[in-house]
Amino acid sequence: MTNPSSKRGFRNAQGGHAARLSAFALLALTLTACRPHDFPQYPPNYREYAYVTNGGSGTVTVLDVVNIRIDRELAVGQNPVAIAASPTRNEVYVVNSGAEGAQGSVSVIDAENNTVAATIPVHRQPVSIDLDPAGALAYVANSGSNTISVLDLKARREVAQIAVGEEPVSARIAPDGNTLVVANRRGNSVSLFDLGPAYAASAHKPQVIEGCPGASDAVILPDSSKAFVACSAGHQIMAINLDKAPANSSRTDRPQTYRLESLLDVGRAPIQLALKPDGGELFAVNSLSDSISEVVTTTDDVDGAHMIGDGPVRGLVSSDNSLLYVGNLRSQEVTVYAIDDGKLIGSIHVGDGPSALAFSSAGHLLFVVDARSADISVVRTASRSLFTMLPTGRAPNAIAVKAFKLP
């Protein structure tokens, strides 16, 4: 999803960026020198990096998670806006949206040496990427050409282009790899594709469900049984039954069909959905209501709304399903919501305009991309306190983390 920060905020951030570098370096050195003893102990061949896309400078900032320092800044394509780490290869994929109306691309970063290994052309204004569970295929939403590019990541090329609705902004693959869900923002619709092996012939013939104004984000439950789509131009979420086939059924007699299960009323402008890892609940981030709405995924019940912060844009649930962290764009705060207790339990002061979040692999750190101040806030999750801040390029907007061991 494109960064929602204002241009004025970015200009202010750019103006002070150079002046902050020495201060950031001193702060990082001081805090790293007094690193707490309860941080993970890594083997010598362990590597972990956080990658931040910088839309205004055409670069990716690489953060060394082990040593908590900036490793380097890589030049990629014009206007990088989204990023994903491979689940099976030591690679990271960057979506370069390009100039308005122009062809975009995907940069392939080799995580072992942090270099750009390849660039794959796609179509006009790509804005998001998702990978299949095997890490073999990527699905890129081209918002300017109303298509999805299917990329063979090993061959480094596009192998299919799928027509969808108007201005697709989010393409999600089900955990079982059999369903593709596409949110079409300007089309106010959802395109659904059966990618199961029995239906290869119909893979490019979507079922379209209308009536989702400003469709902006989609999540799919871990068992691949249901999808939820945020309708950001209104105040609802679509719950879509994916009609999962029984394990002992070949279903060769008819194509897969999907059913709109319900429309759930939430707050105004739900632009992002944060799903618990166990799939039991999700949280709609309501940017114009300054709130979150809690949804029970099994029953489609909206369990309540809670005021959360000033201009919330991104939520992330901890791996133990207990805490929801929310970045509030019009502030310098990440707020923390206790899921079981159903209440806000605090806030963390970070940089200006927190808009993207990611955990370290061990979960002991939360990385916060601050869009307006052009930096990364590193938060200790044990104490929910700021550990350090490090500079990025101009207009940072997305983040992904990759951890691996060298042979």
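## The disulfide

C212 is buried, with a relative accessible area of 0%; buried means under 20% relative accessible area, exposed over 50%, and partly exposed in between, with a 1.4 Å probe and protein chains only. The structure is a predicted model, in which local features need a pLDDT of at least 70 and side-chain atom pairs count only at pLDDT 80 or more, while totals for chains, interfaces and linings use all residues. Residues are numbered from 1 along each chain as its sequence is written, and side-chain values use heavy atoms, with hydrogens and water left out.

C212 is joined to C231 by a disulfide, with an S to S distance of 2.1 Å. A disulfide is assigned to a pair of cysteine sulfur atoms within 2.5 Å, and by this rule the count comes to one. The bond links distant parts of the chain, 19 residues apart: C212 lies in the loop between strand 15 (207–210) and strand 16 (215–220), and C231 belongs to strand 17 (residues 226–231). The torsion about the S-S bond of C212 and C231 is about -110°, so the disulfide is left-handed. C231 is also buried, at a relative accessible area of 1%. In general, a disulfide is a covalent bond between the sulfur atoms of two cysteines.

## Confidence of the model

The average pLDDT of the chain is 89, and 86% of the residues score at least 70. This score is the predictor's confidence in each residue, on a scale from 0 to 100. Over residues 1–19 the pLDDT stays under 50, and the model has 29 contacts for this stretch beyond four places in sequence; a contact means heavy atoms within 4.5 Å. Residues 21–36 likewise have a pLDDT below 50, with 20 contacts in the model beyond near neighbours in sequence. Where pLDDT is low, the predicted coordinates should not be read in detail.

## Composition of the fold

The chain has 32 strands and one helix. Helices (H or I, at least four residues) and strands (E, at least two) are DSSP runs, numbered from the N terminus. Of the 407 residues, 55% count as buried. Among contacts in the chain with a separation of 6 or more, 45% come from residues 24 or more positions apart.

The exposed surface of the chain is about 16000 Å², of which carbon and sulfur atoms supply 50%. Accessible areas come from the Shrake-Rupley method with a 1.4 Å probe; for residues, only the protein chains shown count as cover.

## Two open sheets

Strands of a sheet pair through backbone hydrogen bonds, either parallel or antiparallel. For the assignment used here, two strands pair if DSSP finds at least two bridges between them. One open sheet holds four strands in the order 20-21-22-23, with antiparallel pairing. Its edges are strand 20 (270–275) and strand 23 (301–307), each of which pairs on one side only. From one strand to the next, the twist averages 25°; the axes are lines fitted to C-alpha atoms, for helices over the stretch in contact, and angles run from 0 to 180 degrees between N-to-C directions. Strand 20 and strand 21 (residues 281–286) run antiparallel and are joined by five bridges. L275 has L282 of strand 21 as its bridge partner.

Another open sheet of four strands follows the order 24-25-26-27, again with antiparallel pairing. Strand 24 (312–317) and strand 27 (343–349) are the edge strands, and each has a single partner strand, so one side of each is left without a neighbour in the sheet. The twist in this sheet averages 25° from one strand to the next. Six bridges pair strand 26 (residues 333–338) with strand 27 in the antiparallel sense. Opposite A338 stands K343 in strand 27.

## Positive phi and the surroundings of N142

Most residues other than glycine have a negative phi, and most peptide bonds are trans. N114, which is not a glycine, has a positive phi near 50°. N114 is found in the loop between strand 6 (103–110) and strand 7 (115–124), and its relative accessibility of 1% counts as buried. Q125 also has a positive phi, of about 50°, although it is not a glycine. Q125 lies in the loop between strand 7 and strand 8 (126–131) and is partly exposed, with a relative accessible area of 25%.

Q125 is one of the residues that N142 touches, not counting those up to four places away in sequence; the others are V122, H123, R124, P126, T147, I148, S149 and P168. N142 is placed in strand 9 (residues 137–142), and at 0% relative accessibility N142 counts as buried.
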